[in-house]
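Subject: Structure handover

Hello,

Here is the structure I promised to pass on. My notes on it follow below.

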Amino acid sequence: MKEITSNINIIGGGLIGAITAYSLSKLDFKITILEKNDQFNPKKHKDYRTIAISEGTKTFLEKLNLWSDIRSFAEPIKRIKVIDRKLSNFLEFDNKRRKSNLGYIVKNTDLLYILYKKLKNNRNVLILNNSQPESFRIYKDTIVTNLNNCSVVSDINVAADGKKSFVRKKLKTPIFVKNYNKSAFVTTFTHSKSHLSTAFEFFYKNGPLAILPMQELDNNFRSSIVWTNNRDYLEKLFDIDNKSLQLILGKETRGSVGKINKIVTKQLFPLSAHLSSSFYENRTIYIGDAAHSFHPIAGQGWNLGMKGVENLFNLAKKYKSIGIELGNNSFCKEYHNENYYSAYRLYQLTDKLDSIFTNQNFFISLCRSFGLELFQKNKKINNLISDFAMGIN
Ligand SMILES: Cc1cc2nc3c(=O)[nH]c(=O)nc-3n(C[C@H](O)[C@H](O)[C@H](O)COP(=O)(O)OP(=O)(O)OC[C@H]3O[C@@H](n4cnc5c(N)ncnc54)[C@H](O)[C@@H]3O)c2cc1C
């Protein structure tokens, strides 16, 4: 059987796996990526989501020399408006204090396309499409990954194979799971009024509805919606004709971007959160959604995955400089220690935010309205929240 050797073997070539490969290749490691799909053909890719890139992530992308390619596809967020039930209960954040944007909206497929182009021409990276691992074996100071037609021998495996991680199941790493019994309806659409680079978040009783500003398309104003609601309701909404959908979305978005002119794409995602009990096991580390996933209420899941990529990059650089191979126990443990707590904290935060804003108890709604007013008036709290949105805290 053919044997391929590399320093780092990445399983999963999604948004996190691809950036992990790109960043570590800059440190001159030999890298393999196993991707179960034919990922490197963007036309076949069926992810219609957008990502809100935080200012913190952007700084790391700049360091990797990736931001100059991403910038032309990204719409800046200059303002965020949070509205609780009634239009009179709202909070507004802007970018004036730090003289930078609050984030950037990019289509997932645009981001993947840029990364694939970079990886294809990278002499340190070997991409194996339509490939998935079958089993793993520790052999001396290496991990051997067996595929159906070859094996990859490496110092370390990086599992970036998403929420349902095959690697995690195979290595029997326990996870904590929270099922929200809700879904997220994601749609991109054109509309009559400019969004003026504003992101809106409406907190309705069944879940939040976010409008994320996108770049214009053929001179049409364009945005994306992420609407969390009861699963049954969203499944029905998904099946109705586009004209009726436009009317419903027009009502729910309260005229903030004018009339909904055309639905461009729509997709449904069942919602759950999870946290792997450990971020490493047997010369393998978990990264991105393979390690954690969250309620999308704060749009921070991928950004936290990117913080994991940055921490991994810095740690790999440190170990390389002192000549210790990646994959040994102290490397994996250090990676876990640097990333686990922030994932646990983000899980707690997003989970509590969801329950505070969906709670219909009279006392809690009163505290919520009072809280929003307090946040709006108190500059310190307002600044703390906008720093969180920017990925600075
Ligand atoms: C509705 C919604 C909106 C969101 N919005 C935001 C946002 O605005 N900002 C933000 O920060 N985050 C957001 N997130 C979270 C974000 O989308 C995810 O955190 C991110 O996409 C995870 O990327 P990943 O590469 O870890 O996983 P994935 O994108 O799932 O990639 C996993 C890859 O591994 C491959 N794979 C799977 N199994 C195998 C196998 N056995 N062998 C080989 N390859 C395999 C898959 O084909 C895929 O390419 C949102 C999530 C949802 C549900």
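I start with one residue and work outwards. N108 is found in helix α4. This is a predicted model, so please read everything below with that in mind. N108 has a relative accessible area of 3%, so it counts as buried, the cut-off being under 20%. Which residues does N108 contact, leaving aside neighbours within four places in sequence? They are L15, D47, R49, T50 and I51.

The rest of α4 fits around that. Helix α4 covers residues 108-120, 13 residues in all. From its first C-alpha to its last it reaches 18 Å, close to the 18 Å expected at 1.5 Å a residue. N108 is one of the buried residues in α4. The others are T109, D110, L111, L112, I114, L115, Y116 and L119.

**Overall picture**

The protein has 393 residues, and 53% of them count as buried. Its secondary structure comes to eleven helices and 21 strands. Take the contacts with a separation of 6 or more: residues 24 or more positions apart account for 73% of them.

**Helix α8 and its two partners**

Helix α8 runs over residues 301-321. Its 21 residues should span 30 Å at 1.5 Å a residue. The end C-alpha atoms are 31 Å apart, which agrees. Just after α8, G323 takes a positive phi of about 75 degrees.

Partner one is helix α1, residues 15-25. The axes of α1 and α8 are 10 Å apart, and the helices pack at an angle of about 25 degrees. Angles under 35 degrees count as roughly parallel, so α1 and α8 are roughly parallel to each other. Their crossing is right-handed. On the α1 side, the contact is made by L15, I16, I19, T20, S23 and L24. On the α8 side, W302, G305, M306, V309, L312, F313 and A316 make it. These residues divide into ten nonpolar, three polar and no charged. L15, listed here for α1, is also among the contacts of N108.

Partner two is helix α2, residues 55-63. Which way does α2 lie against α8, roughly parallel or oblique? The axes come within 10 Å and cross at roughly 40 degrees. That makes α2 oblique to α8. α2 passes α8 in a left-handed crossing. From α2, T57, F60, L61 and K63 take part. They meet W302, N303, M306, V309, E310, F313 and N314 in α8. The residues of this contact divide into six nonpolar, three polar and two charged.

The two lists for α8 overlap. W302, M306, V309 and F313 appear in the contact with α1 and again in the contact with α2. An α-helix has 3.6 residues a turn, so residues three or four places apart point the same way.

**Two positive phi values in loops**

Most residues other than glycine have a negative phi. Two loop residues are worth a look on that point. S197 has a phi near 55 degrees, a positive value in a residue other than glycine. S197 sits in the loop between β14 (175-191) and β15 (198-204). With a relative accessible area of 10%, S197 is buried.

R283 also has a phi near 55 degrees, again positive and again not a glycine. Its place is the loop between β19 (280-281) and β20 (284-286). R283 is buried, with a relative accessible area of 11%.

**Two more buried residues**

S278 lies in the loop between β18 (260-276) and β19. At 14% relative accessibility, S278 counts as buried. How many residues apart along the chain are S278 and H336? They are 58 residues apart, yet their C-alpha atoms are separated by 7.0 Å. Not counting residues up to four places away in sequence, S278 touches T173, Y286 and H336.

V153 is in strand β12, residues 150-154. V153 counts as buried at 13% relative accessibility. V153 and I143 are ten residues apart along the chain, and their C-alpha atoms are separated by 5.8 Å. Outside residues up to four places away in sequence, V153 touches E3, I4, T5, S6, T142, I143 and V144.

Best wishes

Methods. Residues are numbered from 1 along each chain as its sequence is written. This is a predicted model: local features need pLDDT of at least 70, side-chain atom pairs count only at pLDDT 80 or more; totals for chains, interfaces and linings use all residues. Side-chain values use heavy atoms; hydrogens and water are left out. Axes are lines fitted to C-alpha atoms, for helices over the stretch in contact, and angles run from 0 to 180 degrees between N-to-C directions. Helices (H or I, at least four residues) and strands (E, at least two) are DSSP runs, numbered from the N terminus. Angles under 35 degrees count as roughly parallel, over 145 as roughly antiparallel, 65 to 115 as roughly perpendicular and the rest as oblique. A crossing is left-handed if the near helix is turned anticlockwise from the far one by less than a right angle, and right-handed if clockwise. Contact means heavy atoms within 4.5 Å. Ala, Val, Leu, Ile, Met, Phe, Trp, Tyr, Cys and Pro count as nonpolar, Asp, Glu, Lys and Arg as charged, and the others, Gly among them, as polar. The expected span of a helix is 1.5 Å times one less than its number of residues. Buried means under 20% relative accessible area, exposed over 50%, partly exposed in between (1.4 Å probe, protein chains only).
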